[in-house]
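The exercises below are each followed by a worked solution. Try each task on the displayed chain before reading on.

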Amino acid sequence: MPIDRARRKLVNGFACTAVSAAMLPCCLGRAALAAAHGLEFKLRKVADGVFAFQGVDELMSAANQGAISNLGVVVGTDAVAVIDSGGSLIEANALIAAIGKISAKPVRYLINTHMHPDHVFGNAAFRQIGATIVGHHNLPRALEARGAFYLQSFREQIGDALIEGIEIIPPTMLVDDRLQLDLGGRVLELQAWKAAHTDNDLTVFDSATRTLFAGDLVFIGSLPTLDGSLLGWLRQMDGLAAIGATRAVPGHGPVPADWPQALTGERRYFEILARDIRKAIADGTPLRDAVKTAGASERGNWHLFDDYNERNATAAFAELEWE
C-alpha cells in the first residue's frame with residue numbers, strides 16, 4: 001500500500017475481442033457489472049507477460065469494493081495464472097474482464113497466497129470460469145476454521161450487497177513445500193512457508209522475468225499484520241531475501257518494488273516490535289500497557305498503524321512471553 005499510490009482508472013470497455021470461450025462467458029458483462037458498482041480497475045504491466053493490480057491504502061469497505069490487496073496475472077503461451085482473487089466478486093469480475101483485454105488464453109490457475117478475505121473473496125468467479133485453485137497445504141483447514149466468521153464479520157464491514165454471492169472456496173491443488181506450474185514457455189515456482197503472516201503463506205516466483213509475487217509476506221507503506229508468528233516471520237526474512245528476484249509484487253504496496261529492498265521496512269518494524277515487547281516482559285509491564293507503547297516509534301512510517309499495531313503487539317506478547 002504505497003503512500004503516493006496513483007488513482008486507479010477503469011480499463012475502458014474491457015473488450016471481449018478474441019477472448020477464449022473457455023475463459024469466461026462474457027467479459028463485457030463482468031466489466032459492466034464492475035463499472036456499475038463504481039469500481040475503477042487497471043492492470044499494470046510490470047514485466048514481459050506479467051501484470052499486477054494495485055489495491056488502495058484502506059480497510060475493506062463498501063466504498064472501495066474490498067479492492068485493497070495487490071493481485072497478479074502471469075501469461076504463458078498456453079494459459080494464464082492469477083495470483084489472488086480480491087476482496088469481492090465485483091473486483092474478481094473486473095479482474096477477469098481485464099485479463100480478457102490482454103490475453104485470449106484461458107485462466108488455468110488461481111493461486112491464493114493465504115486465507116485473508118481481501119485475497120480470497122473473489123474465488124467463486126474463478127471457479128465459474130474453470131480455473132484450478134491452488135494454495136498452501138494449510139489453507140483448506142484455515143478457511144474451514146474461519147470462513148463462517150469472515151462472512152459474518154465482513155458482511156458488517158462491507159455490507160450486504162457486496163457480500164452477496166461470496167463463497168469460501170478452498171484450493172483443490174495443494175502445495176506442501178514447492179510446486180511448479182507450467183503455463184507454456186513459462187514455469188511458476190510456488191513455495192509454501194512456515195507460520196509468519198499466517199500459517200498458510202505462499203509465494204509465486206516467475207523465474208523468466210525474475211518477478212516475485214510475495215503475498216502478504218511483504219507489506220510496503222501499510223503496516224504489516226500479524227496473524228501467524230512474529231518469530232517465524234523474522235526467521236524467514238533471510239530466506240525470502242535470498243529468492244533471486246529483481247522485482248516484487250507485495251501483498252500491499254507499490255507495484256513493482258525492488259527486491260530484496262522491499263523487505264527493509266517490515267523487517268525494521270518487526271525487530272523494533274520484538275525488542276519493545278521483550279523489554280516490557282522483562283520489566284513486568286502488564287499486557288494492557290505494553291501494547292500501547294510497543295512499536296510506537298514506527299507510527300510515522302506506516303499507514304493504518306493505529307488500526308493494527310496494538311493487535312500485532314498483543315500477538316507478539318503472547319508469543320514472546322513463552323520464548
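**Exercise 1.** Decide whether glutamine 65 is buried or exposed, then describe its backbone and its place in the chain.

Solution. The structure is a predicted model. Step one: the relative accessibility of glutamine 65 is 6%. Step two: buried means under 20% relative accessible area, so glutamine 65 counts as buried. Step three: its phi is near 60 degrees, a positive value in a residue other than glycine. Step four: glutamine 65 sits in the loop between strand 2 (50-53) and strand 3 (71-75).

**Exercise 2.** Carry out the analysis for arginine 210: what is its phi, and which loop holds it?

Solution. Arginine 210 is not a glycine, yet its phi is positive, at about 55 degrees. The loop that holds arginine 210 runs between strand 10 (202-206) and strand 11 (211-219). For the accessibility, the band between 20% and 50% is called partly exposed. Arginine 210 has a relative accessible area of 41%, so this residue is partly exposed.

**Exercise 3.** Find the cis peptide bond that leads into proline 256 and the one that leads into proline 260, and place both prolines in the chain.

Solution. Start with valine 255: its peptide bond to proline 256 is cis, with omega near -10 degrees. Proline 256 belongs to the loop between strand 12 (247-252) and strand 13 (257-258). Next take tryptophan 259, whose peptide bond to proline 260 is cis with omega near 5 degrees. Proline 260 lies in the loop that connects strand 13 and helix 9.

**Exercise 4.** How do helix 9 and helix 11 pack, and which residues make the contact?

Solution. Two packed helices are described by the angle between their axes and the distance between the axes. Here helix 9 (residues 264-283) and helix 11 (residues 305-320) have axes 10 Å apart, at an angle of about 55 degrees. Roughly parallel would need an angle under 35 degrees, and roughly perpendicular 65 to 115; helix 9 and helix 11 are therefore oblique to each other. Their crossing is right-handed. From helix 9, the contact is made by Tyr269, Leu273, Ala274, Ile277, Arg278 and Ile281. Helix 11 contributes Phe305, Asn309, Asn312, Ala313, Ala316, Phe317 and Leu320. Sorted by class, the contact has 10 nonpolar, 2 polar and 1 charged residues.

**Exercise 5.** How many salt bridges does a search of the whole structure find? Work through the pairs of arginine 127, arginine 155 and arginine 299.

Solution. The search finds 11 salt bridges. One of them joins the side chains of arginine 127 and glutamate 167, at 2.7 Å from N to O. This pair links distant parts of the chain, 40 residues apart: arginine 127 is in helix 4 (residues 123-128), and glutamate 167 is in the loop between helix 6 (160-163) and strand 7 (173-175). Arginine 127 is partly exposed at 43% relative accessible area, and glutamate 167 is partly exposed at 33%.

The next pair is arginine 155 and aspartate 160, whose side chains meet at 3.2 Å, N to O. Arginine 155 has a relative accessible area of 39% and is partly exposed.

In the last pair, arginine 299 and aspartate 306, the closest N and O atoms are 3.0 Å apart. Arginine 299 counts as partly exposed, with 40% relative accessibility. Exposed means over 50%, so aspartate 306, at 60%, counts as exposed.

Methods. Residues numbered from 1 in each chain as written. Predicted model: local features only at pLDDT ≥ 70, side-chain atom pairs only at ≥ 80, totals over all residues. Heavy atoms only, no water. Salt bridge = Lys/Arg side-chain N within 4 Å of Asp/Glu carboxyl O. Helix = DSSP H or I, 4+ residues; strand = E, 2+ residues; numbered from the N terminus. Buried < 20%, exposed > 50% of the residue type's maximum accessible area, 1.4 Å probe, protein only. Axes fitted to C-alpha atoms, helices over the stretch in contact; angles between N-to-C directions. Parallel < 35°, antiparallel > 145°, perpendicular 65-115°, else oblique. Left-handed = near helix turned anticlockwise from the far one by under 90°. Contact = heavy atoms within 4.5 Å. Nonpolar A, V, L, I, M, F, W, Y, C, P; charged D, E, K, R; others polar.
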